[in-house]
Amino acid sequence: MRTVLRASQLFRHHFPALSLRRNAANLASMLEVSQLQQKKLNSVVFPVKDLMKLLSPDIDQSNFKLFDPTIEEITAAEQLFRPSAKHLIDYFTSAVRMDHAPDLLQPEVCFIGRSNVGKSSLIKSLFALVPGIEVRVSKTPGHTKKMNFFKVGKAFTLVDMPGYGYRAPEDFEEMVEAYIQQRRNLKRTFLLVDGSIGVQKADLIAVEMCEEFGIPYVLVATKIDRSRPAVLLTQLMEIEEFIRTQTQGCFPQPFLVSSLHFSGVHLLRCFIAHITGNLNVK
């Protein structure tokens, strides 16, 4: 019964409003029934679990479960992304070169990805509990031209990096390479790939950059709502194979997210809380 109450609280108090307000209200109503609650909870918080049901039992699934937090841990991590009088969350500053970057000591994570991969939309979803925060989302690829720093209280800083590939800034490699190589408080780089098409040739730019400098990074598959489950599972398996055979510094577990349906965002928040040393469970 305790887990059911925890799950209900998670959806009632931590599901974002935005365009999902009506869906959140419907889910909250549906989740009064414990069985439906658990099913929806697994689908939204752990989207990979639905896909794993399509796999043959003899296929190794261990790399998809390396980070498998409890509902209590996810609920605790949600508090990190909820602002308060003593825990301010907001845009801090921008920089076009490393000598313009703020001198911060708290843990830092950065998000990088090909133009139009949905990076700004995902960051906006991560900060959906913060009223009025400005995370610009554009229909035009290559909108982000600077390194944008967001402070999450004294817990950590999140950095939105310029996109690469189509319409990337001319000094992209110089800017991003300098940041990744020099930023001492960088705990993890989140490399976004389009979940509907998988790892592309352009993505190898960022992969090679992280590998060259020995930077720990994670692959996050975005836009998972755009593919049928069978197609998405194929892409997921190919991403996992790419990580296993062609990388050394990448976390073995890829993460799945949909900024539109908010799938996987709670889990990603919890992982960020974990790697920045802020996952405190009583």
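Helix 10 (residues 265–275) lies across strands 2, 4, 5, 6 and 7 of this predicted model, and runs at about 155 degrees to strand 5. Helix 6 (residues 119–126) also lies across several strands, namely strand 2 (108–113), strand 4 (156–160), strand 5 and strand 6. Its angle to strand 2 is about 145 degrees.

The strands under these helices belong to an open sheet of seven with mixed pairing, ordered 1-3-4-2-5-6-7. Strand 1 (89–95) and strand 7 (255–256) are the edges, each pairing on one side only. Within the sheet, strand 5 (residues 186–194) pairs with strand 6 (residues 217–222) in the parallel sense, over six bridges. Thr189 stands opposite Tyr217 of strand 6.

Turning to charged side chains, the model holds eight salt bridges. One of them joins Asp68 to Lys49, with the closest N and O atoms 3.9 Å apart. Asp68 sits in the loop between helix 4 (47–52) and helix 5 (71–78) while Lys49 is in helix 4, so the pair ties together parts 19 residues apart in sequence. Asp68 is partly exposed at 45% relative accessible area, and Lys49 is partly exposed at 33%.

Another salt bridge links Asp99 and Arg97 at 3.3 Å, N to O. Here Asp99 counts as exposed, with 58% relative accessibility, whereas Arg97 is partly exposed at 42%.

Glu108 and Arg183 form a salt bridge with the closest N and O atoms 2.7 Å apart. Glu108 belongs to strand 2 and Arg183 to the loop between helix 7 (172–182) and strand 5, so this pair connects parts 75 residues apart in sequence. Both residues, Glu108 and Arg183, are buried. Elsewhere, salt bridges with shared partners join Glu240, Glu241 and Arg244 into one network.

Note on methods. Residues are numbered from 1 along each chain as its sequence is written. This is a predicted model: local features need pLDDT of at least 70, side-chain atom pairs count only at pLDDT 80 or more; totals for chains, interfaces and linings use all residues. Side-chain values use heavy atoms; hydrogens and water are left out. Two strands pair if DSSP finds at least two bridges between them. Helices (H or I, at least four residues) and strands (E, at least two) are DSSP runs, numbered from the N terminus. Contact means heavy atoms within 4.5 Å. Axes are lines fitted to C-alpha atoms, for helices over the stretch in contact, and angles run from 0 to 180 degrees between N-to-C directions. A salt bridge is a side-chain nitrogen of Lys or Arg within 4 Å of a carboxyl oxygen of Asp or Glu. Buried means under 20% relative accessible area, exposed over 50%, partly exposed in between (1.4 Å probe, protein chains only).
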